[in-house]
Amino acid sequence: MPIPSIDSAFLLDFLAGLLNTPSPTGYTDDAVAFTEKALAAFPQIKLQRTRKGALLVTWPGEKTDSPRALTAHVDTLGAMVKEIKPNGRLRMTQLGGYPWNAVEGEGVTVITLGGKKLRGSILIQAASSHVHGAKVSSMARDAETLEIRLDERTTNEAETRALGVEVGDFVAFDPRVEITNGFVRSRHLDDKACVACLVAAVQALQAAGLKPRQTAYFLISNFEEVGHGAATGFPPEVGELVVVDMAAVGEGQTSDEYHATLCVKDSGGPYHHDLSTRLRKLADAQKIPYKVDIYPYYGSDGGALLRTGADLKVALIGPGVDASHNYERTHTDALTATTQWIMAYLLSK
Ligand SMILES: [Zn+2]
């Protein structure tokens, strides 16, 4: 069966909206609600929240004897206020793993317990070239040396506390979304790009009057970056899971920004050979542009689920993302290929 065409404008519009909805791991309700609202437009879809705040989407299929699941995560890298310094600036602790230099100079929003959103930026503590000279470039970038400078009148700890800032407040990095010549440049394409592919697949299939061959569950997970997102949340009858997450692009990798990738092995070992082979055959039959790759420093929500002892087949597909966990970039071609692959899987026997 041919797969329907994708509404790229819908996909990119949803993606930009989701990227601009801050969701560092632990503070994901707004992004889950944004996704829920988009999916609520489709009458056949049932939406539920899990206790830990993920979104479980149920889409009844033509058959129910072999239910399938897909997952993508809305949580992103971020930080938390670790300490208010004597100079009124903030020390951070990381949410998720990334090199500290990847966020130096970035604009941030600090979300206080009272719901205030304060603006600021991340700087090395010796930031001025005219004051610190060569030290500015030679200093290590780490949790000790980087600080948040709030755009508020504060020069000491008491003044910062008076703004409502406390240890434990969430810090969201500006995504800086820009779409040019088909390229999407933004932080947090991992994994909001894949949430957008899932939503675009639903939109395209519903617009064509199609439904999944087998009942399908989508888990929009919200704790992936800390390793336990999709460890729970699926109905027990689910026998196979396709994780939709970014492909790692860089030296030595086959993945690129113009293809979807099937990952056959990551840090957690090989993915399920039968399910992976089925996905390759589907992509071949539909002429979906894809690569096969291995990710050397990578774990997924599929691994998180398998490590709980779950008995099911797990495979991983996703768009190539350059400079992952840094200022990321992908291309519409990779998003289209990933969305087509999701649809081919949902429609397959
Ligand atoms: Zn991811």
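The zinc ion sits in an irregular site, with angles of 52 to 144° among its 4 donor atoms. This comes from a predicted model. The donors are His73 through NE2, Asp190 through an OD atom, and Asp245, which is listed twice with OD, and they coordinate the zinc ion at 1.9 to 2.5 Å. Read along the chain, the donors of the zinc ion are spaced as H-x116-D-x54-D. Histidine 73 belongs to strand β3 (residues 63-73) and aspartate 190 to helix α6 (residues 189-207), so this pair ties together parts that lie 117 residues apart in sequence. Both histidine 73 and aspartate 190 are buried.

Next, the nonpolar packing. The largest nonpolar core counts 80 residues, and the ones with the most contacts inside it are Leu70, Phe218, Leu279, Trp341 and Ile342. Helix α6 gives the most to this core, putting in 13 residues. Another core lies apart from that one; it has 24 residues, including Leu90, Leu146, Ile148 and Val165. As for phenylalanine 218, residues up to four places away in sequence aside, it touches Leu55, Leu56, Val57, Trp59, Leu70, Leu198, Val202 and Leu346.

Then there is threonine 261, found in strand β15 (residues 260-266). Its relative accessible area is 0%, so threonine 261 counts as buried, the cut-off being under 20%. The side chain of threonine 261 makes a polar contact with the side chain of serine 255, at 3.0 Å. With neighbours within four places in sequence left aside, the residues in contact with threonine 261 are Ala247, Ser255, Lys291, Val292, Asp293, Tyr295, Leu316, Ile317, Gly318 and Trp341. Of these, Trp341 also turned up above, among the residues with the most contacts inside the largest nonpolar core.

Technical notes: Residues are numbered from 1 along each chain as its sequence is written. This is a predicted model: local features need pLDDT of at least 70, side-chain atom pairs count only at pLDDT 80 or more; totals for chains, interfaces and linings use all residues. Side-chain values use heavy atoms; hydrogens and water are left out. Donors are N, O and S atoms within 2.8 Å of the metal (3.2 Å for Na, K and Ca); water is not among the atoms, so sites may look incomplete. Four donors count as tetrahedral if all angles lie between 85 and 135 degrees; four count as square planar and six as octahedral if opposite donors are over 155 degrees apart and all others between 65 and 115; anything else is irregular. Helices (H or I, at least four residues) and strands (E, at least two) are DSSP runs, numbered from the N terminus. Buried means under 20% relative accessible area, exposed over 50%, partly exposed in between (1.4 Å probe, protein chains only). A nonpolar core is a set of buried Ala, Val, Leu, Ile, Met, Phe, Trp, Tyr and Cys residues joined through side-chain atoms within 4.5 Å. Contact means heavy atoms within 4.5 Å. A polar contact is a pair of N or O atoms within 3.5 Å; within protein, one must be able to donate a hydrogen and the other to accept it, and residues adjacent in sequence count only if both atoms are side-chain atoms.
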